[in-house]
Amino acid sequence: ENVQNAVLNFTKGVSHADGCLASLAEYVKNRDRDTVLIWFGDHLPTLGSGFGAYVQSGMIGTYDEADYERMYSTPFLVYANFDLGESTMLHPGSDNNITSYTLMTAVAQLIGAPMTPTMSYLEAYYQTLPYYNIRLHKAVSEEAKKWIDGHTTLTYDIVAGQRYAEQMQ
């Protein structure tokens, strides 16, 4: 019953979010000014103790790498009221596996925005490791570990450090 209530509450929220997304997309579509809408989530909700709804439905079972990918991956949307350019990171109609922290860099490419040194770093990181989350429990190469450590340092600098990265830009 607890799992069923969690699922019902979640689906009601998804329905509300869908309506909000439709309203936002309509607003963007009718703007005279070039506008981009980026919509994404963080991860699936737990929906019961130990991801109960997913276990009961058979979506996850053994907590293997594929299960973790299903639990910590979410769809995203990039919508614009103008034609988007090319990106080395996102391709329309493809299975675009990308992390939330590199999504803005990919969108900057799509709209032809200037790339900052931080964005260039994130694009190069993406080329080595297109998507990464410690919760995925993926084995990574030594080269990938260097990128992960560099990204951790960069994130610390931006969030709690002296913001040296901004001074480079």
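This is a short dialogue on reading the nonpolar cores and salt bridges of a predicted model.

Biologist: Let's begin with the inside of the protein. Which residues make up the largest nonpolar core?

Modeller: Look for buried nonpolar side chains that join up through their atoms. In this model the largest such core has 12 residues: Val3, Leu44, Leu47, Phe51, Ala53, Tyr54, Ile60, Tyr68, Met71, Tyr72, Tyr131 and Leu136. Helix H2 (52-57) and helix H3 (65-71) each supply at least two residues of this core. Apart from it lies another core, of eight residues, and Leu90, Ile98, Val107 and Tyr126 are among them.

Biologist: Let me pick one member to look at. What does phenylalanine 51 touch?

Modeller: Leaving out residues up to four places away in sequence, phenylalanine 51 touches Leu44, Pro45, Thr46, Ile60, Tyr63, Met71 and Tyr72. Of these, Leu44, Ile60, Met71 and Tyr72 also appear in the list of the largest core.

Biologist: Good, now the charged side chains. How many salt bridges does the structure hold?

Modeller: The idea is to look for a side-chain nitrogen of Lys or Arg within 4 Å of a carboxyl oxygen of Asp or Glu. The structure holds three salt bridges. One of them joins arginine 70 and aspartate 67, at 2.4 Å from N to O.

Biologist: How are arginine 70 and aspartate 67 placed in helix H3?

Modeller: They are about one helical turn apart, because three residues separate their positions in helix H3.

Biologist: And is aspartate 67 buried or exposed?

Modeller: Check the relative accessible area: under 20% counts as buried. Aspartate 67 has 2%, so this residue is buried. Its partner arginine 70, at 35%, is partly exposed.

Biologist: Glutamate 69 is in a salt bridge too. Which residue does glutamate 69 meet?

Modeller: Glutamate 69 meets lysine 138, with 3.9 Å from N to O. Glutamate 69 lies in helix H3, while lysine 138 sits in the loop between helix H5 (117-128) and helix H6 (142-159), so this salt bridge ties together parts that are 69 residues apart in sequence. Both ends are partly exposed: glutamate 69 has a relative accessible area of 21%, and lysine 138 has 23%.

Biologist: That leaves glutamate 142. With which residue does glutamate 142 form a salt bridge?

Modeller: With lysine 145, where the closest N and O atoms are 3.3 Å apart. Glutamate 142 and lysine 145 are three residues apart in helix H6, which means about one helical turn between them. On accessibility, glutamate 142 is exposed at 55%, whereas lysine 145 is partly exposed at 36%.

Technical notes
Residues numbered from 1 in each chain as written. Predicted model: local features only at pLDDT ≥ 70, side-chain atom pairs only at ≥ 80, totals over all residues. Heavy atoms only, no water. Core = buried A, V, L, I, M, F, W, Y, C linked by side-chain atoms within 4.5 Å. Buried < 20%, exposed > 50% of the residue type's maximum accessible area, 1.4 Å probe, protein only. Helix = DSSP H or I, 4+ residues; strand = E, 2+ residues; numbered from the N terminus. Contact = heavy atoms within 4.5 Å.
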